[in-house]
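The following exercises are to be worked through with the sequence and the model at hand. Each task is followed by a solution in steps.

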Amino acid sequence: MRRRRARLLCSLLLTVVAGAGTAASSASASSAFPASAPSSPYAAGAAEAAPTPLDRVVPAPASVRPAAGSYAIRPDTRIRVSGTDGSARPARPARRVGDYLAKLLRPSTGYRLPVTTRSGGDGIRLRLMPDGAGARKLGAEGYRLEVTSRAITLSARGSAGLFHGVQTLRQLLPASVERTTRQPGPWRVSGGTITDVPRYAWRGAMLDVSRHFFGVDQVKRYIDQLALYKFNTLHLHLSDDQGWRIAIDSWPRLATYGGSTQVGGGPGGYYTKADYREIVRYAASRELTVVPEIDLPGHTNAALASYAELNCDGVARPLYTGTDVGFSSLCVPKEVTYDFVDDVIGELAALTPGRYLHIGGDEAHSTSHEDYAAFMDRVQPIVAKYGKTVVGWHQLTGARPAKGAIAQYWGLNGSEKEVAEAAKAGTRLILSPANRAYLDMKYDADTPLGLAWAGYVEAKQSYDWDPGAYIKDAPASSVLGVEAPLWSETLLTSPQLEYMAFPRLPGIAELGWSPASTHDWSDYRARLAAQGPRWDALRIAYYHSPQIPWPSDD
């Protein structure tokens with residue numbers, strides 16, 4: 001089972017992780033694991049001898065054509081933005097990305113970097129492309145980055161492509177560009193052209209805010225980290241046995257009572273509707289779509305504790321702070337169950353501009369197969385009624401997936417026949433194999449955080465697999481993308497999230513973005529190692545995997 005009872009949450013572990021406190025917005029690491037304090041020779045902002053080659057970024061670009069020379073960002077550099085016809089109004093998406101880039105570069109360079117709609121052949125130019133064959137080839141998220149000695153020109157069909165291109169430009173600059181104080185530079189970018197498009201449309205990361213609650217600022221910090229590696233989906237696991245984390249006006253006790261605790265008995269918490277809207281807004285500013293999850297019909301003890309009528313016997317369950325799974329279930333025969341689901345999904349859909357809504361569906365061990373299938377037959381049309389596409393864990397394929405439904409696979413070896421059969425029948429798949437993509441799995445036996453039911457997962461294992469061929473007998477075309485879930489049974493703070501996510505998270509990003517032909521562990525580990533100084537500058541508390549030749553280890 002994915003979230004098997006956690007003997008790992010023994011009192012010793014709780015003592016260790018509690019040392020980091022619950023104020024997880026802090027970027028300093030817990031004493032429970034190695035911190036990433038600026039200790040390497042790169043951390044003090046030492047200038048690199050030469051600009052980074054265009055092909056040394058993560059994720060690997062689809063196409064790179066190096067050229068002689070480089071561009072240097074100087075005190076008089078301007079950021080020029082333009083729309084498809086050069087006018088100011090169509091340039092608004094470009095202007096937003098230009099303002100983001102300027103805000104990113106100003107503290108470390110000390111330069112003004114004014115953002116202007118005035119045309120010119122110099123500076124950093126962000127350009128929205130007119131419709132045509134070249135633009136169509138880039139799709140909604142692709143970009144072209146051209147670097148000469150006179151200008152950096154970033155072109156895309158829309159804001160998503162420009163934003164992803166900025167993340168590439170960011171990695172081509174010295175790691176010290178990430179610092180919030182003025183650094184010496186120089187700020188040079190290698191000459192040449194990158195043409196880049198993603199392999200998969202879904203490149204997601206899931207954050208479990210139910211086992212332990214993470215506030216709005218902590219979620220924003222994680223969003224910024226996802227954006228650096230071109231993720232485009234944030235899946236929020238908003239409900240589980242230990243806590244309900246979103247305010248629902250029609251059922252207010254879900255949040256106020258069901259959200260009042262967490263694993264280990266802490267204070268819990270929940271998002272007001274304003275909080276949730278702010279997360280959605282901030283994610284959109286980083287070109288990520290929020291996919292909310294209400295796990296049904298199991299993993300529902302927080303709801304069952306909040307409202308007695310949701311239980312078959314009419315008796316409210318006690319709040320739960322442990323880590324067992326599979327014991328809770330909504331009462332499938334009761335009509336009030338579907339009134340509840342309709343209200344919750346309706347309110348959540350109204351808050352969520354994205355097209356997807358996740359209904360869970362995993363580990364419903366106390367629900368019979370017949371009841372499970374009947375429940376899904378009732379609930380999937382409710383999601384469609386509110387204009388959303390159903391996403392569910394892959395157990396949904398053992399029932400009757402609705403037309404257009406998406407199944408998220410979290411198994412270990414891709415051998416489940418019902419998943420392959422559903423894929424053949426048209427169900428799209430998101431790949432999150434637990435022994436590859438689950439960021440809460442321990443790295444090794446000595447990892448002080450995380451679980452190990454799917455085995456130990458080091459950086460190589462999380463990277464060295466092909467999503468297109470993972471599910472046996474499923475057509476490669478059925479794979480919509482990949483996702484890296486981060487469950488929080490043992491995680492209380494932002495540094496602890498980062499310690500488990502990095503360095504594995506960028507590997508999942510590369511599997512989702514880069515062409516399969518570029519996937520090579522030896523090359524990737526060298527490119528990943530170069531990210532270490534950047535994470536130091538960003539104060540990301542990453543795990544110093546012995547599989548990676550970190551510069552600070554020289």
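Two strands are taken to pair if DSSP finds at least two bridges between them. The model is predicted. Its chain contains 17 helices and 17 strands.

**Exercise 1. Determine how β5 and β7 are joined, and place them in their sheet.**

Step 1. Strand β5 covers residues 143-147 and strand β7 covers residues 187-196; five bridges join them. The cut-off for pairing is at least two bridges, and the two strands run antiparallel.

Step 2. Within this pair, Leu-145 is placed opposite Ile-194 of β7.

Step 3. The open sheet has seven strands in the order β1-β7-β5-β6-β4-β2-β3, and its pairing is mixed. Strands β1 (63-73) and β3 (115-116) each have a single partner strand, so each has one side without a neighbour in the sheet.

**Exercise 2. Describe the surroundings of Ser-108.**

Step 1. Ser-108 belongs to helix α2, which spans residues 92-109.

Step 2. Buried means under 20% relative accessible area. Ser-108 has a relative accessibility of 0% and therefore counts as buried.

Step 3. The side chain of Ser-108 lies 3.5 Å from the backbone oxygen of Leu-105. Beyond neighbours within four places in sequence, the contacts of Ser-108 include Ser-176, Arg-179 and Trp-187.

**Exercise 3. Characterise the crossing of α15 and α16.**

Step 1. The axes of α15 (residues 504-513) and α16 (residues 521-529) come within 11 Å of each other and cross at roughly 130°. This angle makes α15 oblique to α16.

Step 2. The crossing is right-handed.

Step 3. On the α15 side, Pro-506, Gly-507 and Glu-510 take part; they meet Tyr-524, Arg-527 and Leu-528 of α16.

**Exercise 4. Locate two cis peptide bonds.**

Step 1. The bond from Gly-185 to Pro-186 is cis, with omega near 0°. Pro-186 sits in the loop between α4 (159-172) and β7.

Step 2. Phe-502 and Pro-503 are also joined by a cis peptide bond, with omega about 25°. Pro-503 is located in the loop between α14 (494-501) and α15.

**Exercise 5. For Leu-113 and Asp-473, decide whether each is buried or exposed.**

Step 1. Leu-113 is not a glycine, yet its phi is positive, about 50°; for Asp-473, phi is near 70°.

Step 2. Leu-113 lies in the loop between α2 and β3, and Asp-473 in the loop between α13 (459-463) and β17 (479-486).

Step 3. Leu-113 has a relative accessible area of 0% and is buried, whereas Asp-473, at 63%, is exposed.

Notes: Residues are numbered from 1 along each chain as its sequence is written. This is a predicted model: local features need pLDDT of at least 70, side-chain atom pairs count only at pLDDT 80 or more; totals for chains, interfaces and linings use all residues. Side-chain values use heavy atoms; hydrogens and water are left out. Helices (H or I, at least four residues) and strands (E, at least two) are DSSP runs, numbered from the N terminus. Buried means under 20% relative accessible area, exposed over 50%, partly exposed in between (1.4 Å probe, protein chains only). A polar contact is a pair of N or O atoms within 3.5 Å; within protein, one must be able to donate a hydrogen and the other to accept it, and residues adjacent in sequence count only if both atoms are side-chain atoms. Contact means heavy atoms within 4.5 Å. Axes are lines fitted to C-alpha atoms, for helices over the stretch in contact, and angles run from 0 to 180 degrees between N-to-C directions. Angles under 35 degrees count as roughly parallel, over 145 as roughly antiparallel, 65 to 115 as roughly perpendicular and the rest as oblique. A crossing is left-handed if the near helix is turned anticlockwise from the far one by less than a right angle, and right-handed if clockwise.
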